[in-house]
Amino acid sequence: MFGKLFGNNKTPKEEKVLPWQNLTTIDQLDEIELSSKGKTQLIFKHSTRCGISRMVLNQFTEAYDLDLNADLYYLDLLSYRDVSNEVGYKFQVMHQSPQLLVIKNGITVANASHGAINDLDLSNFV
């Protein structure tokens, strides 16, 4: 009875899994730059200690089009601070968290942070 009243009889929502590639080394940035000449590269910088970053990551995951022709990298910027710093230097963006960079033809063609991440229409960059 209470399950019907309060909605406890719902089937669990299937969790969407994105094709993340972990970004853990500075050397990968050269690979991303090179790969971006043939395919759009996305870097999601996430702070694992920040509730806002977690919320934006969850929203991004829900909205992400799995058919998008792009490589998707996940950077835990607390565990890989040196990589996070190098992302800023290499791709000429000021560090923010959470942050999404869109790399195409070796350069950053778009970047956004916080709620603006989910406002980006990624299909415009593939």
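This tour goes through a predicted model, stopping at the aromatic rings, two pockets and a few backbone features.

**Aromatic rings**

Begin by showing the side chains of Trp-20, Phe-44, Phe-60, Tyr-64 and Tyr-74, which ring pairs link into a cluster. The structure holds five aromatic pairs. Zoom in on Trp-20 and Phe-44, whose rings pair edge-to-face, with 6.0 Å from centre to centre and 70° between the planes. Colour the strands to see what this pair connects: Trp-20 is in strand β1 (residues 20-22) and Phe-44 in strand β2 (residues 40-46), so the contact ties together parts that are 24 residues apart in sequence.

Add a surface to see how the two rings differ in setting. Trp-20 is partly exposed, at a relative accessible area of 27%, whereas Phe-44 is buried, at 0%.

Next, select Phe-60 and Tyr-64. How do the planes of these two rings sit relative to each other? They are at 45°, with the ring centres 5.4 Å apart, so the pair counts as tilted. A pair is called tilted because its planes are neither under 30 degrees apart, which would be stacked, nor over 60, which would be edge-to-face. Both residues are on the buried side of the cut-off: Phe-60 has a relative accessibility of 3% and Tyr-64 has 5%.

**The second largest pocket**

Keep Phe-60 and Tyr-64 selected, as both are in the lining of the second largest pocket. To complete that lining, add Ala-63, Asp-65, Leu-68, Ile-117, Asn-118, Leu-120, Asp-121, Leu-122 and Ser-123. The space in this pocket is about 170 Å³. Colour the selection by residue class and the lining divides into seven nonpolar, two polar and two charged residues.

**The largest pocket**

Now move to the largest pocket, with a volume of about 260 Å³. Which residues should be selected to find its centre? Of the 12 that line this pocket, Glu-15, Lys-16, Val-17, Asn-58 and Thr-61 are the closest to the centre. Then show helix α3 (residues 51-63), which gives the largest share of the lining, five residues. Colouring by class here shows six charged residues, four nonpolar and two polar.

**Backbone features**

The last stops need the backbone atoms on display. Most residues other than glycine have a negative phi, and most peptide bonds are trans. The following places depart from that pattern.

Go to the loop between α4 (81-91) and β4 (99-104), where Pro-98 lies. The peptide bond leading from Ser-97 to Pro-98 is cis, with omega near -5°.

Stay with this loop and select Gln-92, which is also found between α4 and β4. Gln-92 is not a glycine, yet its phi is positive, about 55°. Is this residue buried or exposed? Gln-92 counts as exposed, because its relative accessibility is 67% and the cut-off for that class is over 50%.

Finish at His-114, in the segment after β5 (107-113). His-114 is another residue other than glycine with a positive phi, in this case near 50°. On the surface, His-114 is partly exposed, with 33% relative accessible area.

Methods. Residues are numbered from 1 along each chain as its sequence is written. This is a predicted model: local features need pLDDT of at least 70, side-chain atom pairs count only at pLDDT 80 or more; totals for chains, interfaces and linings use all residues. Side-chain values use heavy atoms; hydrogens and water are left out. On a 1 Å grid over the protein atoms alone, a cavity is a set of points where a 1.4 Å probe fits but cannot get out, and a pocket is an open set with protein on both sides within 12 Å along at least five of seven lines; lining residues have an atom within 4 Å of a point. Grid points are joined across faces, edges and corners, and a volume is the space filled by probe spheres set on the points. Helices (H or I, at least four residues) and strands (E, at least two) are DSSP runs, numbered from the N terminus. Ala, Val, Leu, Ile, Met, Phe, Trp, Tyr, Cys and Pro count as nonpolar, Asp, Glu, Lys and Arg as charged, and the others, Gly among them, as polar. Buried means under 20% relative accessible area, exposed over 50%, partly exposed in between (1.4 Å probe, protein chains only). Rings of Phe, Tyr and Trp (its six-membered ring) pair if their centres lie within 6.5 Å; planes under 30 degrees apart count as stacked, over 60 as edge-to-face and the rest as tilted.
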